[in-house]
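Please look through the structure shown below with attention to its local geometry. The questions after it take up one topic at a time.

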Amino acid sequence: MATNPVTAQCHHCQAETQTYPYHGPDLKRMQLCKPCYDTYLAKEMVSYWKDHIAEEQRRTGASS
């Protein structure tokens, strides 16, 4: 996280705590607390790699 936290309501869990700005699926900014941010980021990374692996398999004709 490159930005400093601010005190705001977390977009996901609704807790009033330190939050960090992050972009949502619609590219609008949302505030997430650290635990929600970490969870959201992990889901994004898993989705990215699943897409990447599927594309590589399509490109090479390999299957798993």
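The turns that follow move from strands to loops, cysteines, charged pairs and the surface.

Q: On what kind of model do these answers rest, and how are its residues numbered?
A: This is a predicted model, in which local features need pLDDT of at least 70 and side-chain atom pairs count only at pLDDT 80 or more, while totals for chains, interfaces and linings use all residues. Side-chain values use heavy atoms, with hydrogens and water left out, and residues are numbered along each chain as its sequence is written, from 1.

Q: In which sense do strands β1 and β2 pair, and which residue of β2 is the bridge partner of Gln-9?
A: Strands are DSSP runs (E, at least two residues), just as helices are DSSP runs (H or I, at least four residues), and both are numbered from the N terminus; two strands pair if DSSP finds at least two bridges between them. Strand β1, residues 6-9, and strand β2, residues 16-23, are joined by 4 bridges in the antiparallel sense. The bridge partner of Gln-9 in β2 is Glu-16.

Q: How many bridges join β2 to β3, and which residue of β3 does Tyr-22 stand opposite?
A: Strand β3 covers residues 29-33 and runs antiparallel to β2, to which it is joined by 5 bridges. Within β3, the residue opposite Tyr-22 is Met-30.

Q: Which residue takes a positive phi in the hairpin of β1 and β2, and near what value?
A: This hairpin has 6 residues between its strands, and Gln-14 has its place in the loop there. Gln-14 counts as partly exposed because its relative accessibility is 44%, where buried means under 20% relative accessible area, exposed over 50% and partly exposed in between (1.4 Å probe, protein chains only). The residue is other than glycine, yet the phi of Gln-14 is positive, near 70°.

Q: Is Leu-27 buried or exposed?
A: Leu-27 lies in the loop between β2 and β3, in a hairpin with 5 residues between the strands. Although Leu-27 is not a glycine, its phi is positive, at about 65°. With a relative accessible area of 66%, Leu-27 is exposed.

Q: How many disulfides does the count come to, and why is there no bond at Cys-13 or Cys-33?
A: A disulfide is a pair of cysteine sulfur atoms within 2.5 Å. The cysteine sulfur closest to that of Cys-13 belongs to Cys-10 and is 3.6 Å away, which is too far for a bond; for Cys-33 the closest one is in Cys-36, at 3.6 Å, and therefore also too far. Cys-13 is partly exposed at 38% relative accessible area, whereas Cys-33 is buried at 6%. The count of disulfides comes to 0.

Q: Which residue meets Lys-34 in a salt bridge?
A: Side chains of opposite charge can pair when their charged atoms come close. A salt bridge is a side-chain nitrogen of Lys or Arg within 4 Å of a carboxyl oxygen of Asp or Glu, and the N to O distance for the pair that includes Lys-34 is 2.9 Å. The two residues are 4 apart in helix α1, residues 34-60, so about one helical turn separates Lys-34 from Asp-38. Lys-34 is partly exposed at 38%, and so is its partner, at 36%, namely Asp-38.

Q: How many salt bridges does the count come to?
A: Besides the pair just described, Glu-55 and Arg-58 meet at 2.8 Å, N to O, and these residues are 3 apart in helix α1, about one turn of the helix. Arg-59 and Glu-56 meet at 2.7 Å, N to O, and are likewise 3 residues apart in helix α1. Arg-58 counts as exposed at 58%, whereas Glu-55 is partly exposed at 42%. The count of salt bridges comes to 3.

Q: Which residues make the nonpolar surface patch?
A: Patches are made of residues with over 30% relative accessible area and no salt bridge, like charges being joined within 9 Å and nonpolar side chains (Val, Leu, Ile, Met, Phe, Trp, Tyr) within 5 Å. Trp-49, which lies in helix α1, counts as partly exposed at 43% relative accessibility. The patch has an area of about 430 Å², and its residues are Met-45, Tyr-48, Trp-49 and Ile-53.

Technical notes
Accessible areas come from the Shrake-Rupley method with a 1.4 Å probe; for residues, only the protein chains shown count as cover.
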